[in-house]
Each structure stands twice: as C-alpha cells, then as structure tokens.
Amino acid sequence: MTEQVTEKKPSWGLYEPAEHVDVHGVDVAYRRKGEGEPVLYLHGLGLTRRWLPFHEALAQGSDVIAPEQPGFGETPRQDWIKDWSDVVLHTVEFADVLGLERFHLVGYSFGGWLAAEIAAFYPERLKSLTLITPFGLRVEGHTPADIYRMTYDPFMDRCLNDRRDEFSDYVDEGGEMETRLQSYAEISALGRVAWNPRYDYKLERRLARVTAPALVIGVDDDRILPREHVDRYAELLPNARKAIVSGTEHPTGHGVVAQEPQLLADEILTTVKGR
Amino acid sequence: MTDLEFIQIIDRTYPWFPPAFDRDSIGIDLSNANYDSDLGQDIIEGVGFQAQMAESLGYDGVLIFEQHGHPLALFGNALTGAAWLSGITKDISIGAIGPMMNNYQSPVRLAEEIAIVDTVSRGRLIVGLPMGIGAQYHAIGTANPAHARERYEEGLALLDRIWNEDGAFPWEGEYFHIPNVNLWPRPIQKPRPRVFIPAAGSIESLKVAAKYRFTYQAVAVPGPKLKANIQLFKDLCNEEGYEADPSQIILVTGFFLGETQKEAERELVRHAAWNMQNIMRYATHESFPPGHVSMESLRSMLDGGYRSKGNDPGAVREMPAFGNTPEQVVEIIKEQAEEYGAGGFIVGGAFSLPNWLAHKQMQIFAEEVMPHFRPEGKPRWARQPKPGWTSASERVGRNPHYGGMPEVEIPGRGRLPLFETDPLE
C-alpha cells in the first residue's frame, strides 16, 4: 500500500522533474545526469525533489544517479519498509534495475548510514565509498542532536549554521504548510528505520568487509553530528581517507552539500577518479 | 432520571519545578533534579487519599493516568498504581488509563498485569488502552512511533484472543511471535475488565473501540467536533453489527465548583490557569513524533489550526464549566448526556489542588450533583452484583469449575487424591 504524501507543485527553487522507474512495484523518482563513472548518490533528510548545484558539480565529472528513497521526495512511502534491511535491498534493487553492476556509492547524512549498510552487505558492488557527515555509528560521549525533537526550520538552521535565509531555494517545499507536511513525511519515513536505536552498532564489526577505497568527509562546525563520528568511520573502514571540506567564507556545517557544493564535489571526484 | 456513571480523576501533579513559561515543553526533558522524594511522597500518597475520599463520597470510580518523563502525573505504570489503590479501597472502580501497549515487549506481559490487578481488586479494574500520546515516545524508548499504530493494533488483536480463547495457542504476527500464549491467571471480570480507549477523535482509535466493543473515552474537544466524533463512533459500531451502548460513551470534562461564583474564583482560578499553562504542555511537533499520525490526520489538524497549549490565564473564566453553581452543573450534565448519548462522565478538576481543596470540590459534586443522576443516590457498586466472592462460604456456594483434581503418588500406595489422603494411614 502506498500513501501519497504531498501535492507536487514544482514551485520551489532548484526543482527538476524526476525520471521514474518501477523497482519491484515501487515507483522510484530519480535524477540522472553526466558522463563517466557511475556515482549512486543517497540523500539525507530534506533537499529532495531538486537537482542541486552539488549534483551538477558532481555530474561534471561523473554519471550521477540520485534516487529518492521511499517516503522521500517524490517516491511514495512503502508500508512494507520496516527496518534498514528493507531499504538496503530496495536500493540495491534500484541499482539492478538500472543495470548498475558496480558503482561508486556516495551517501550524505542518513544517506551515509544507508551507504555504509549497503557497503557492509554488498562490498563487491562498490568501486568506492564516500560518506559525507554520516550517521550510523554509536560513538560514546558524542550523541548527535535529537533531530526528532525539531521541526524542519530549526533543523535546517543547525544544518546551515544559522544562515538558512541564504538558502531559501533549498529549504522551501512550496509554502509553509507544504514544507511542514513534506518534512514530516520524510522524517516519518526515516523514523520507520532509524528511531531506536539511532545507530547500528554492528557496523563496528561489519565495516571491515569494505575494502574498496573509501572517503569520509567532515566539516568545520557540524551542529547535528559530532566530528567524532567521521573520525570513527575513517578508523573502521580499512581503506579510508578522511577529508574536511572547509568553507570559503563561512565555516561549513552539516548542510555542506548546500554550503560548498563545488568543493565537496571536487573532493568526491578525486576518489571517484582514483586520483 | 438519567442514570449516569461518575469517575473522578485523582492524578496529582508534582508542581515544585521552576516556572516554565519560557519552555516549549514541560514533558520529556524537564530535569528530575527538581524532584524531591519527600515532596513526591506527599503528591503520590495524596492520590490514595483522594481515592478513599471518592469512595466515601460515593463516586462510581476513580482514575489515574500513565505518564512518562515529566512531573504532570507520577504513575509511570498506571497498573501498579491501580494495584495499590485497590488495596486501600474496597468498592470503588479503579481506572488505570495507560498502560501503553507499546511500552511492553509482549502483550502477554500486559495481559498478566491486567489479570492480577483485576483479581486483587475483585473485579474493580477499568483499564485504558491508548496508543499513547506522541510526547511519551521521546521518553520511554520502547516502541518506534512510526510503527506504533501497527504494533498497537496487533497487540490489541492478541489481547482480544487472550481474553476470549483458552490457551495455549500460538501467535504469529509481524511484531509478536509467541509460540505458546497461555495467560495465568485470567481476569476476574468476564471475559475481560472494562476497556477505555481515550481518543480526541482519531478515526483509527474510534475504529478500535467499536471493533472490540470497548468504551470510547471522549477527550474534551469543542462541542461540534465532539458531536461528530460520537456520531462517527456510533456509525462504526453499526458497521460492526451492533448499536453502541451508552456505557460505551464516557465524556471527559472538568468542573470548578464553589459555594458561590466568587468563592470559586477566589479558590480555583489560579489552579485552573496553572493547569492550562502546564498540564500536557508540549511543543506541537513533540506531540507528533515521526510517523505517529498519518499525513491525512496531520494535514487535517494543521488546517484546523492545531496549536500548542495556550497561555492565557484570562481564558480560564471563559471555560464553560468554570465557577458554576451545582444547580447549573446539574443542567450542563443533563444536557450533555442527552445531546451526546453518553452513559457517564470522567470528572477532573485541577491536578495542582491541595488535598483539602480537592476534597471540597469532590464533596460539593457528590452531594449536590451526583444524586440527581442515580436511584437513591447510590453508586453502581452499591447496586450491582460484584464479580468474585467475599467469603469462603460464598466461594463454595458459587460452585467453581475445577479443571482437575490434584493427585499425589505415595510409594507403596499408588496415586491418591492430594487433599483427601492421610499418607500415614
């Protein structure tokens, strides 16, 4: 059973119509552009239903495929999704349907957690793994912000280091009411798999399976996820390097995807191109 | 005469925390460093005192709520509170509203607690089975709010089988897999205690109440909305193939009574205002953790102008039930019972009242309002037969069903009846 989560009016900035593909009965919305190495990009909370400057920058050096997970953006919620294993399988099925045998996997925030899970279960499918300010680990003494006790605006305030007003194209979903509903739909889809626990302690052991080149990206001043999570991922992944994407004018935050799209894309392309 | 049931809310708030006018929420993370166990003992024991008062005043029942992580009501498990109340009272019905099914790892565990409290109270338990308000999910850590509805409904379906079928049977669900469901002891009320489903109007909750013939505990909402909710509940009962009984509709309301309007103002307005400003005060989004409501419900609530608790002390005097004389309250109750087809009222005052003032409120209500709605002024427990027995003689006279007779094997003598054998003979 699916539930239509919101009216879809392309009235906000950076909107780009999506392509659609049927993945075992799920009508998946995705955007794809660029040539070269295939890069499967997994979004976080928010910033969906758009082709971002970051996507564009990444597409200058690779074939970017950006699906929207069930319940996010324009892909309908799926009641059968109960835990991460369902999302992992769905994402891999999406790659199968598009004929992506091996690919570079990039995940941002909660998409980083998903990417880490996929990497642990399907290490042979990865050409490389990039995690941008990724959730997913339990790091004692460094609990992330409780995003479930925030509405979308304060969440984005934190992501964008109190400069949300400069990013209205990124955060508006078609008016105040629609933004509220869309953000609730997405955090509900996230909550189905990531309410409790808000980490997967098994990744501590499982990440040793990921031998592909890995890149873990942190930022200057992350007000959602403590830097120690980035450090820990870099320790656990056997073939990882860590990079900090710093801001040119202002410190970067959890919303680095919006804040420094070009620098972030350049860093990722370095790994994708094996340089 | 309209024969109505009256259940008094006796929960009390722990009020000794810093004034919280600037806080979004008084639940969830108001630190328990503010809790003092001596003061807490006074609040909690006051609940027992009020239960005893309510019984001596002739209320049909008393009621406490399950709450978590905040000072507004102190029973994290309403059933443990109900077990205690059953020990310090004799006749009055005891409502435990909560427990939240989703706080239990297994519904069997919940069924066990219900059965034991029902037994030790001699069939006086009323159990409320809410899905649980959203804010609770931030502070208890058992269930995922985005799975809450599915898990809750599966749990209720299992409880229904537990109450209506003999064990052992397997339960093979999505959230629970229990190879052998086999409840010992079973409730003293047959087949189960009364069940209340508190609801502000969620259609999902009303469906559940109708499906299992539970009582719809109608949380106070504006009149037209309340009427629509109750009609919907009746329609849903019809769809299930039966007419809703008036006992299945109970209205939650509050009265602030004084000898005179002026006396009520003097004694109660500050408590009524404090309650409005504090009780269940959560930021809107904390009432709706992820997935706790459907998108349709959320859109409908936001379109309807849902907002957080108000903070307008002046609004208290506008409350329909504030400062009325007992005669006016009698009329209000009569009208509401007729208009909504309700069989009873859950009556609350202010959670912050000192015991003496709560006692005064309850006494005025009991002496000047309740007698208008019951034959000879008697509560139901004084008029109706009770489940269970009250003497050994009665136990034998009731001809209990013996599932089997125990035997014992004595060496050299074989198997002999356990209770009728002298092993030395």
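**Notebook: burial, helices, hairpins and the A–B contact**

I began with Thr133(A), which counts as buried because 30 C-beta neighbours lie inside 10 Å, the cut-off for burial being 20 or more. The model is predicted, and I keep that in mind for every entry below. Thr133(A) also has a positive phi of about 35 degrees although it is not a glycine, and I found its place in the loop between strand E8 (126-132) and helix H4 (152-159) of chain A.

I then looked up Asn161(A), another residue other than glycine with a positive phi, here near 50 degrees. Asn161(A) lies in the loop between H4 and helix H5 (168-171) of chain A, and with 21 C-beta neighbours inside 10 Å it counts as buried. I note as background that most residues other than glycine have a negative phi, and that most peptide bonds are trans.

**Hairpin in chain A**

I followed strand E2 (residues 19-23) of chain A, which runs antiparallel to strand E3 (residues 26-33) of chain A and is joined to that strand by five bridges. Within this pairing I located Val23(A) opposite Val26(A) of E3(A). The hairpin has two residues between its strands, and in it His24(A) takes a positive phi near 50 degrees.

**Helix H2 of chain A**

I checked the length of helix H2 (residues 84-97) of chain A: at 1.5 Å a residue its 14 residues should span 20 Å, and the end C-alpha atoms are 20 Å apart, which agrees. Its buried residues include Val87(A), His90(A), Thr91(A), Phe94(A) and Ala95(A). They cover an arc of only 140 degrees around the axis, and therefore sit on the same side of H2(A). Just after the helix I found Gly99(A), with a positive phi of about 75 degrees.

**Helix H1 of chain B**

I made the same kind of check on helix H1 (residues 37-57) of chain B, whose 21 residues reach 30 Å from first C-alpha to last, close to the 30 Å expected at 1.5 Å a residue. Where do the buried residues of H1(B) fall when seen down its axis? In this helix Ile43(B), Val47(B), Gln50(B), Ala51(B), Ala54(B) and Glu55(B) are buried. The buried residues fall within an arc of 140 degrees, so they line one face of the helix, whereas Asp38(B) and Gln41(B), on the other side of H1(B), are exposed. I traced what the buried residues pack against, and the partners are strand E1 (5-9), strand E2 (61-65), helix H2 (78-88) and helix H12 (355-368) of chain B. Just after H1(B), Gly58(B) takes a positive phi of about 95 degrees.

**Nonpolar cores**

I looked next at the largest nonpolar core, which has 93 residues, and in which Val62(B), Ile64(B), Ala96(B), Ile197(B) and Phe233(B) have the most contacts. The largest share of this core, seven residues, comes from helix H5 (residues 148-164) of chain B. I listed the neighbours of Val62(B), leaving out residues up to four places away in sequence, and among them are Ile7(B), Ala51(B), Ala54(B), Leu85(B) and Ile92(B). A second, separate core of 84 residues includes Leu58(A), Tyr108(A), Ala189(A) and Val193(A).

**Hairpin and cis bonds in chain B**

I found strand E5 (residues 169-172) of chain B joined by three bridges to strand E6 (residues 177-181) of chain B, the two running antiparallel. Phe169(B) has Val181(B) in E6(B) as its bridge partner, and the hairpin that E5(B) and E6(B) form has four residues between the strands.

I then went through the loop between E6 and strand E7 (194-199) of chain B, where Pro185(B) is found; a cis peptide bond joins Trp184(B) to Pro185(B), with omega about -10 degrees. Pro191(B) lies in the loop between E6 and E7 of chain B as well, and the bond from Lys190(B) to Pro191(B) is cis, with omega about -5 degrees.

**Contact between the chains**

My last entry concerns the contact, which takes 15 residues from chain B and 17 residues from chain A. On the side of chain B that touches chain A, the elements that give two or more residues are helix H9 (284-287) and helix H10 (295-303) of chain B. H10(B) gives the most to that side, with four residues. Sorted by class, the same side of chain B has seven nonpolar, six polar and two charged residues.

Notes
Residues numbered from 1 in each chain as written. Chains lettered and ligands numbered in written order. Predicted model: local features only at pLDDT ≥ 70, side-chain atom pairs only at ≥ 80, totals over all residues. Contact = placed C-beta atoms within 7 Å. Nonpolar A, V, L, I, M, F, W, Y, C, P; charged D, E, K, R; others polar. Expected span 1.5 Å × (residues − 1). Buried ≥ 20, exposed ≤ 12 C-beta atoms within 10 Å, placed from the backbone. Arc of directions from axis to C-beta. Pairing = 2+ DSSP bridges. Core = buried A, V, L, I, M, F, W, Y, C linked by C-beta atoms within 7 Å.
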